[in-house]
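Hi,

Here is the structure I promised to pass on. Have a look at it first, and my notes on what turned up follow below.

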Amino acid sequence: MSKPIYILNGPNLNRLGTREPEIYGRTTLAGVEAMCREAAPDHPIVFRQSNREYEIIEWVHEAIDEGSGIIINPAAFTFTSMAIMDALKMFSGPLIELHISNIHKREQIYHKSYVSPVATAVIAGLGTRGYPIAVGAMLDMIGTLPAKA
């Protein structure tokens, strides 16, 4: 069996669908998870969300040992957590940083990501549609993209 893709979500993303829908849309986190699984029906996915920095770090450590790739939406931790950045630096596989909004169109505080310098790629501003796009890109990066009919 293939090693799973880890999709990790940071603080407040459990409130998707109701939190500032004008910025983040109305899709719930459960809906995002369903889109990710649909984008990779034959590949295992570990999909998680936490409001706790230490928990996200533990999951990155788990992915270092067991995962093929990481897609991470660190949310507010993007701009504050050197600890998450340090954990991600230890991951040797492909890493996609993902943001629902275009962080570069937002307030200045959202412009400095601690994750971007260690990421293989960054996806931002595509709404929740960015998640299945990230999954497709990750499948390509790890060499398991399904053949087109």
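Tyr 6 pairs with Ile 70, its bridge partner in strand 3. Do bear in mind that this is a predicted model. Strand 3 covers residues 69–73, and five bridges tie it to strand 1, with the two running parallel. Strand 1 also has strand 2 (residues 45–49) as a partner: again they run parallel, joined by five bridges. One pairing to look up there is Asn 9, whose bridge partner in strand 2 is Gln 49.

Strand 1 itself spans residues 5–9 and is mostly covered, with five of its five residues buried. In a regular strand, side chains alternate between the two faces of the sheet. Here, Ile 5, Ile 7 and Asn 9 point one way, while Tyr 6 and Leu 8 point the other way, and all of them are buried.

Next, two threonines that sit in loops.

Thr 128 is in the loop between strand 5 (121–124) and helix 5 (130–141). Its relative accessible area is 10%, which is under the 20% cut-off, so Thr 128 counts as buried. Leaving out residues up to four places away in sequence, Thr 128 touches Tyr 24, Thr 27, Val 32, Met 35 and Ile 100. With one of these, Thr 27, there is a polar contact between the two side chains, at 3.5 Å.

Thr 18 is in the loop between strand 1 and helix 1 (21–24). This threonine has a relative accessible area of 57%, and because that is over 50%, Thr 18 counts as exposed. A polar atom of the Thr 18 side chain lies 3.0 Å from the backbone oxygen of Arg 15. If you want a distance to try in your viewer, take Thr 18 and Met 85: they are 67 residues apart in sequence, and their C-alpha atoms are 28 Å apart in space.

Last, the empty space. Rolling a probe the size of a water molecule over the atoms shows where such space is left. The largest pocket holds about 200 Å³. Its lining is made up of 15 residues, and those nearest the centre are Arg 19, Tyr 24, Ala 75, Ala 76 and Arg 106. What kinds of residue make up the lining of the largest pocket? Nine are nonpolar, four are polar and two are charged. Tyr 24 is a residue to click on here, since you will have met it already: it lies among those nearest the pocket centre, and it is also one of the residues that Thr 128 touches.

Cheers

Key: Residues are numbered from 1 along each chain as its sequence is written. This is a predicted model: local features need pLDDT of at least 70, side-chain atom pairs count only at pLDDT 80 or more; totals for chains, interfaces and linings use all residues. Side-chain values use heavy atoms; hydrogens and water are left out. On a 1 Å grid over the protein atoms alone, a cavity is a set of points where a 1.4 Å probe fits but cannot get out, and a pocket is an open set with protein on both sides within 12 Å along at least five of seven lines; lining residues have an atom within 4 Å of a point. Grid points are joined across faces, edges and corners, and a volume is the space filled by probe spheres set on the points. Ala, Val, Leu, Ile, Met, Phe, Trp, Tyr, Cys and Pro count as nonpolar, Asp, Glu, Lys and Arg as charged, and the others, Gly among them, as polar. Buried means under 20% relative accessible area, exposed over 50%, partly exposed in between (1.4 Å probe, protein chains only). Helices (H or I, at least four residues) and strands (E, at least two) are DSSP runs, numbered from the N terminus. Two strands pair if DSSP finds at least two bridges between them. A polar contact is a pair of N or O atoms within 3.5 Å; within protein, one must be able to donate a hydrogen and the other to accept it, and residues adjacent in sequence count only if both atoms are side-chain atoms. Contact means heavy atoms within 4.5 Å.
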